[in-house]
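Welcome, and thanks for taking a look at this one with me. Please open the structure below and keep it in view while we walk through the ligand site, the aromatic rings and a few backbone details.

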Amino acid sequence: VKVNQVHRTAFHFRPPSNWINDPNGPMYFGGLYHLFYQYNPKGAVWGNIVWAHSVSKDLINWEALEPAIYPSKPFDINGCWSGSATILPGNKPIILYTGIDRQNRQVQNYAIPANSSDLYLRKWIKPDNNPLVVPDAGMNATAFRDPTTAWWIDGHWKMLVGGKRKHRGVAHLYRSKDFMHWVKAHHPFHSAPHTGMWECPDFYPVPLDGKFGLDTSNFGADVKHVMKVSLDETRYEYYTLGKYFPEKDRYVPDKALVDGWSGLRYDYGNFYASKSFFDPAKSRRILWGWANESDTSQEDVAKGWAGIQTIPRVVWLSPDGKQLLQWPIEELETLRGQKVELNIQKLKLGDYVEVKGITAAQADVDVLFTIPSLDKAEDFNPSWTSLDAQRLCGLKGSKIQGGLGPFGLLTLASQNLEEFTPVFFRIFKAQGSRHLVLMCSDATSSSLQNNLYKPSFAGFVDVDLTSYKKLSLRSLIDHSVVESFGPGAKTCITSRVYPTLAVNKEAHLFVFNNGTETITVESLTAWSMNAPQQMNA
Ligand code: DQQ
């Protein structure tokens, strides 16, 4: 059987074959970036989980090595699940991960390099004093996993482990003087009702000012902390910004912020089990996330692979301290090839303008729109208040005519628009002359194939249009993924899509406007993207 590989990504990290999920233990060590990830060596569905391992000099070109950690001991014989890396003093990497033991309990283990003079860190050993931490008597032993990078403070190492208590999501805190003997704090580090199991917690400092990142153990006065969790039941992540009280072993989110569904998100689309790390080579904090397939598992089996990692993103605090900002790592720009530009292009109601001259199925597009006036913005219907952004985008979409928008990009479009994935804005006038900017990445029309998950992903963008009437948008288009970064790096949305016509050379890119107000494309630059020379094959 000839398998159709038109949906295989060219510059998004993906497995040589088989299933991948969570990024694990990312770190920079000895001049190399290491990425481990959840991997099934035996097929394109979840199962038989090991830590696959790839290394890179630039986060773009990857070399796949043998799996680093795989079931071999009583404390991980039923699976080697997610975890994190910590660099101990003396430049010694150590991995904390969840093992599924003989009784199917989730326990926290460690692994260390077998040979520290091998910069590739190919072989890892799991010493006999594992597991380091087992679930307490009162704990649910199947909801206790995903240890964080540990941090050092006041003579102790601290780490978090995700869990739940009834329906309350919990981050348990453990402390240790020697990294080998761990004691649990009496109360959770943080928790929230009605959120279910907290998977893959991540906790780190961000400077109040500036784009640079901080080591996880760096606690200057001028920092805020980020606490992120992945919600098992709904498959989305949220984060809060807040204050860390080391002496109390507690984290308290800032007042205005919400724990849960209406909280802040790194990405309003397909992005899960993310993990960040501090990159000392460029003093930045980098975020990796997993984007699952949204076709069927039969199709994954047929194509022989499933799951990608999103483009690594630099993450930092917005100057107003209200949210995080994210941008693709600068190294990605080395893949830019053929370039085309469009300047001062007016888009009237119903206009579709093609951006020609690039490989539209494999591209990086950066566009700046100018809005002449806010007068025609549609009123925000009070009955929509109960809708989240995604449902509002589902209701309005890219085809229903509006006042200010919908306008934006049509990615992965077939010539006659039987298929397209629009990434666009709709602007509403809310009460008190406030304007709401909705950003959507809508998979509804992405494919003529029916049995796919085609959500209308969306998020709001916190910008003030009264003073600055421009909206920017950058989309990374890669065959079956469209990863978009909205105005001011504030709102990100990743969609997985499976066009049947708009593939390879048959894929097109347009800018469009379906709003009554004319919008100007101030500038648009699009590049064909080259594939990395070495892509994890
Ligand atoms: N995936 C891992 C777990 C984690 C989940 C298992 C999140 O450790 O909680 O593959 O996707």
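## The ligand site

An oxygen atom of the ligand lies 3.2 Å from a polar backbone atom of Ser82. Keep in mind as you read that this is a predicted model. Two side chains also make polar contacts with the ligand: Asp22 places an N or O atom 2.8 Å from a nitrogen atom of the ligand, and Glu199 has a polar side-chain atom 3.0 Å from a ligand oxygen. How much of the ligand's own accessible area does the protein cover? Of the 310 Å² that the ligand has on its own, 95% is covered by the protein.

The contacts are easy to compare side by side.

| Residue | Protein side of the contact | Ligand atom | Distance |
|---|---|---|---|
| Asp22 | N or O atom in the side chain | nitrogen | 2.8 Å |
| Glu199 | polar side-chain atom | oxygen | 3.0 Å |
| Ser82 | polar backbone atom | oxygen | 3.2 Å |

If you would like to select the whole shell in your viewer, the residues surrounding the ligand are Asn21, Asp22, Gln38, Trp46, Trp81, Ser82, Arg145, Asp146, Glu199, Arg235, Tyr272 and Ala273. By character, the shell holds five charged, four nonpolar and three polar residues. Which strands each supply at least two residues of this shell? They are β1 (18–29), β5 (80–88) and β19 (272–279).

Strand β1 also contains Pro23. This proline has a relative accessible area of 0%, so it counts as buried, the limit being under 20%. Pro23 and Ala363 are 340 residues apart along the chain, and their C-alpha atoms are separated by 24 Å.

## Aromatic rings

Let's turn to the rings. The count of aromatic pairs comes to 37. One of them joins Trp151 and Phe189 in a tilted arrangement, with 6.1 Å from centre to centre and 50 degrees between the planes. Trp151 belongs to strand β10 (residues 151–153), while Phe189 is in the loop between β13 (183–184) and β14 (190–192), so this pair ties together parts that are 38 residues apart in sequence. Are these two partners buried or exposed? Trp151 is buried at 0% relative accessible area, and Phe189 is buried at 1%. Both belong to one aromatic cluster, together with Phe203, Phe219, Tyr244 and Tyr251.

Rings also meet charged side chains here. Arg336 lies over the face of Trp527, 3.5 Å from the ring centre. The charged end of Lys126 sits over the ring of Tyr70, at 5.6 Å from its centre.

## Backbone details worth a check

If you follow the backbone dihedrals, two cis peptide bonds are worth a visit. One joins Asn130 and Pro131, with omega about -10 degrees, and Pro131 is in the loop between β8 and β9. Another runs from Gly405 to Pro406, with omega near 10 degrees; here the proline is part of strand β29 (residues 404–413).

Next come positive phi values outside glycine. Leu59 has a phi near 65 degrees and lies in the loop between β3 (50–56) and β4 (63–69). Lys166 has a phi of about 50 degrees, and its place is in the loop between β11 (156–165) and β12 (168–176). Which of the words buried and exposed fits each of them? Leu59 is buried, at 3% relative accessibility, whereas Lys166 is exposed, at 80%.

## Two more landmarks

Lys224 is in strand β16 (residues 223–231). With a relative accessible area of 17%, this lysine is under the 20% limit and therefore counts as buried. Lys224 and Phe428 are separated by 204 residues in sequence and by 32 Å in space, from C-alpha to C-alpha.

Ala141 is in the loop between β8 (124–125) and β9 (144–145). At 21% relative accessible area, Ala141 falls between the 20% and 50% limits, so it counts as partly exposed. From Ala141 to Glu293 the C-alpha distance is 29 Å, and the two are 152 residues apart in sequence.

Conventions
Residues numbered from 1 in each chain as written. Predicted model: local features only at pLDDT ≥ 70, side-chain atom pairs only at ≥ 80, totals over all residues. Heavy atoms only, no water. Near = heavy atom within 4 Å. Polar contact = N/O pair within 3.5 Å; in protein donor to acceptor, adjacent residues only side chain to side chain. Areas by Shrake-Rupley, 256 points an atom, 1.4 Å probe, with all protein chains shown as cover. Helix = DSSP H or I, 4+ residues; strand = E, 2+ residues; numbered from the N terminus. Nonpolar A, V, L, I, M, F, W, Y, C, P; charged D, E, K, R; others polar. Phe/Tyr/Trp six-rings, centres within 6.5 Å; stacked < 30°, edge-to-face > 60°. Buried < 20%, exposed > 50% of the residue type's maximum accessible area, 1.4 Å probe, protein only. Lys NZ or Arg CZ within 6 Å of the ring centre and 35° of its normal.
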